[in-house]
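What follows is a walk through a predicted model. It goes from charged pairs to helix packing and then to the surface.

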Amino acid sequence: MSFHRTIVAALAALTLMFAAPAFAQRAPDAAPTGAPAETHDLAAPTNVDIAPSGGTGFDTPGGLSVVSVFLRADPIVKTVMVILLIASLWSWTIIINKWLAFGTLKRRAAKFEKSFWSGQSLDELYQQFAPKADHPLAVTFVSALREWRRAFEGGAPREALVPGIRDRIEKAMSVTIMRETDGLERQLGFLATVGSTAPFIGLFGTVWGIMNSFTAIAAQHNTTLAVVAPGIAEALFATAMGLLAAIPAVIFYNRFINEIGRYSTRLDAFADEFSAILSRQLDEKARP
């Protein structure tokens, strides 16, 4: 009998032990009663400093202007920016000058070809363009016809001299084309140099600006935006100026090189046609 009582007591103790947490977590059966708690409007804290910190101007949109970034930049970064600005301005000067020059060359070349193929005599064209040969096509024509006229200074050349005269005329035109093409390519080397080096110059300013940011962090033991922003801003500005100088230089360098290539092909075609005309007339005049 005592054994059964012990088992029953143990089972009751176990039941109470597992049921106790459930009883503890049971929600209150009724809401608390009594007077409602009094509430008041929250007032602004008076011990918090809400004034702009640092005084750098980078925490406001107006502080990120180009002029302010340049004025706050490190002297070395300023030097980089000035170099890139001068390179960009000079590049645009060359670009505009070449753009206008190639447009003028195209118009004058078209006008000359129209006169050349109009049936006008070569002597009349020579008298017209020799005093003012102001574009490569006319200069090539004048150089070839000047060599032709020299061959006839002593009268009609003998047939044995015709190959030598023909070679001199072709060489005169070839040298003239090379010299005029070299003149067209003048100053394009500067565009190529700016296009290839400006990104690296800008990258140097970027690295220097990042170094200034880390130096400011180490000096002030502070990583807030007011400490980091000036160096980051001048670094990114140097990168932007490098790309601003390089991208137009590369684009217009490639465009002008293609323009010169097409114009050189036009000069070579004209030289071949004019050489054929002169060679034919040489053969006719050298016949006994």
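Glu-147 has a relative accessible area of 15%, under the 20% cut-off, and is therefore buried. This residue forms a salt bridge with Arg-150, with 3.4 Å between the closest N and O atoms. Arg-150 is partly exposed, at 48% relative accessible area. The two residues are three apart in helix 5, so about one helical turn separates them.

Helix 5 also takes part in a salt bridge between Asp-123 and Arg-149, at 3.4 Å from N to O. Asp-123 belongs to helix 4 (residues 122-129) and Arg-149 to helix 5, so this pair ties together parts 26 residues apart in sequence. Asp-123 is partly exposed at 44%, and Arg-149 is partly exposed at 33%.

Another salt bridge joins Asp-283 and Arg-166, whose closest N and O atoms are 3.1 Å apart. Here the linked parts of the chain are distant: Asp-283 lies in helix 8 (residues 225-286) and Arg-166 in helix 6 (residues 162-184), 117 residues apart. Lys-106, Arg-255, Glu-259 and Arg-262 are joined into one network by salt bridges that share partners. The whole structure has nine salt bridges.

How do helix 3 and helix 5 pack, and at what angle? Their axes are 8 Å apart and meet at an angle of about 40°, so the two helices are oblique to each other. The contact involves Leu-105, Ala-109, Phe-112, Glu-113 and Phe-116 of helix 3, and Pro-136, Leu-137, Ala-138 and Phe-141 of helix 5.

Helix 3 (residues 75-116) also holds Leu-100, which is exposed at 55% relative accessibility. Leu-100 joins Trp-92, Ile-96 and Trp-99 in a nonpolar surface patch of about 440 Å².

Methods
Residues numbered from 1 in each chain as written. Predicted model: local features only at pLDDT ≥ 70, side-chain atom pairs only at ≥ 80, totals over all residues. Heavy atoms only, no water. Patch = residues over 30% accessible without salt bridge, like charges linked within 9 Å, V, L, I, M, F, W, Y side chains within 5 Å. Areas by Shrake-Rupley, 256 points an atom, 1.4 Å probe, with all protein chains shown as cover. Salt bridge = Lys/Arg side-chain N within 4 Å of Asp/Glu carboxyl O. Helix = DSSP H or I, 4+ residues; strand = E, 2+ residues; numbered from the N terminus. Buried < 20%, exposed > 50% of the residue type's maximum accessible area, 1.4 Å probe, protein only. Axes fitted to C-alpha atoms, helices over the stretch in contact; angles between N-to-C directions. Parallel < 35°, antiparallel > 145°, perpendicular 65-115°, else oblique. Contact = heavy atoms within 4.5 Å.
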